[in-house]
Amino acid sequence: MINLLPRYIISFIIMVLLQVLILNNIQLNGYINPYIYILFILTLPFDTPKWALLVLGFLLGLSIDLFTHTVGMHASATVFLAFLRPGLLNSMEPRGGYEPDSNPSVQDYGLGWFFKYAAFSVFAHHIFLFYIEVFKLEGFFQTLSRAILSGLFSLILILFIKLFIKK
């Protein structure tokens with residue numbers, strides 16, 4: 001894990017820069033906002049300690065918040081995702097278990113497995129993020145539709161990245 005630390009630092013920086021410089025400028029009618037920076041949390045090794053997931057989730061979300069002036073919304077949503085991740089992975093664990101020192105990936109566990117994992121994660125993150133943004137139940141279905149449409153677009157981008165970019 002220590003020898004992979006530079007790779008994860010670079011991945012963290014790339015995800016933050018990609019999100020704030022390119023993807024935050026994509027907004028279709030106020031309904032579709034792609035948030036793929038969570039791919040960093042999704043692809044961390046299976047054996048990442050829970051405390052490290054929470055800290056990394058907080059730092060990732062805080063980085064996005066600093067660039068977008070969103071006062072902790074992304075930090076809380078990524079900590080929520082990091083909190084859900086171990087339980088989600090346990091519920092989706094194959095019969096033989098996960099390979100030691102492996103990451104959640106299409107190449108190792110198949111497209112179907114990764115799709116379910118990414119879909120649940122993306123929609124949990126997006127629903128949390130969009131509702132914390134409005135922080136009221138007024139316009140419940142409008143907020144839900146924004147979260148679902150943004151989640152679908154984000155999921156497509158994440159699958160595209162994972163299918164066509166190996167490392």
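## A buried histidine in helix H4

At 3% relative accessibility, His74 is classed as buried, since the limit for that class is under 20%. This histidine belongs to helix H4 of a predicted model. Setting aside residues up to four places away in sequence, His74 touches Tyr35, Tyr37, Gly61, Ile64, Asp65, Thr68 and Leu129.

## Surroundings of Gln19

Gln19 lies in helix H1. With a relative accessibility of 1%, Gln19 also counts as buried. Its contacts, apart from neighbours within four places in sequence, are Asn24, Pro34, Tyr35, Ile36, Tyr37 and Ile64.

One of these partners, Pro34, is 15 residues from Gln19 along the chain, and the two C-alpha atoms are separated by 8.4 Å. Tyr35, Tyr37 and Ile64 are among the residues touched by Gln19, and they are also among those touched by His74.

## Overall fold and dimensions

The secondary structure of the protein chain consists of 7 helices and 0 strands. Along the sequence this gives the pattern α-α-α-α-α-α-α.

The radius of gyration of the protein chain is 15 Å, in agreement with the value near 15 Å expected for a compact globule of 167 residues. Taken along the principal axes, the C-alpha atoms fill a box of roughly 45 × 30 × 30 Å. Of the 167 residues, 46% are buried. Among contacts with a separation of 6 or more, 68% join residues that are 24 or more positions apart.

## The nonpolar core

The largest nonpolar core comprises 42 residues. Within this core, the residues with the most contacts are Phe40, Leu60, Tyr98, Trp113, Phe114, Tyr117 and Ile158. Two or more core residues are contributed by each of helix H1 (5-21), helix H2 (39-42), helix H3 (50-68), helix H4 (73-91), helix H5 (106-109), H6 and H7. H6 gives the largest share, 8 residues.

Which residues does Tyr117 touch, not counting those up to four places away in sequence? The partners of Tyr117 are Ile41, Leu42, Arg85, Leu88, Leu89, Met92 and Pro104.

## The salt bridge between H6 and H7

The structure holds 1 salt bridge. It pairs Glu133 with Arg146, whose closest N and O atoms are 3.1 Å apart. The pair links distant parts of the chain, with Glu133 in helix H6 (residues 111-134) and Arg146 in helix H7 (residues 140-164), 13 residues apart. In general, side chains of opposite charge can pair when their charged atoms come close.

The two partners fall into separate accessibility classes. Glu133 is partly exposed, having a relative accessible area of 38%, whereas Arg146 counts as buried at 14% relative accessibility.

## The exposed surface

The protein chain exposes about 9,300 Å², and carbon and sulfur atoms supply 70% of this area. Trp51, Val55, Phe58, Leu59, Leu62, Leu66 and Phe67 make a nonpolar surface patch of about 720 Å².

Leu62, one of the patch residues, is located in helix H3. Its relative accessibility of 32% places Leu62 in the partly exposed class. Because patches are made of residues with over 30% relative accessible area, the 32% of Leu62 satisfies that requirement. Helix H3 (50-68) also gives two or more residues to the largest nonpolar core.

Key. Residues are numbered from 1 along each chain as its sequence is written. This is a predicted model: local features need pLDDT of at least 70, side-chain atom pairs count only at pLDDT 80 or more; totals for chains, interfaces and linings use all residues. Side-chain values use heavy atoms; hydrogens and water are left out. A salt bridge is a side-chain nitrogen of Lys or Arg within 4 Å of a carboxyl oxygen of Asp or Glu. Helices (H or I, at least four residues) and strands (E, at least two) are DSSP runs, numbered from the N terminus. Buried means under 20% relative accessible area, exposed over 50%, partly exposed in between (1.4 Å probe, protein chains only). A nonpolar core is a set of buried Ala, Val, Leu, Ile, Met, Phe, Trp, Tyr and Cys residues joined through side-chain atoms within 4.5 Å. Contact means heavy atoms within 4.5 Å. Patches are made of residues with over 30% relative accessible area and no salt bridge: like charges are joined within 9 Å, nonpolar side chains (Val, Leu, Ile, Met, Phe, Trp, Tyr) within 5 Å. Accessible areas come from the Shrake-Rupley method with a 1.4 Å probe; for residues, only the protein chains shown count as cover. The radius of gyration is taken over C-alpha atoms; the globule rule is 2.2 Å times the number of residues to the power 0.38.
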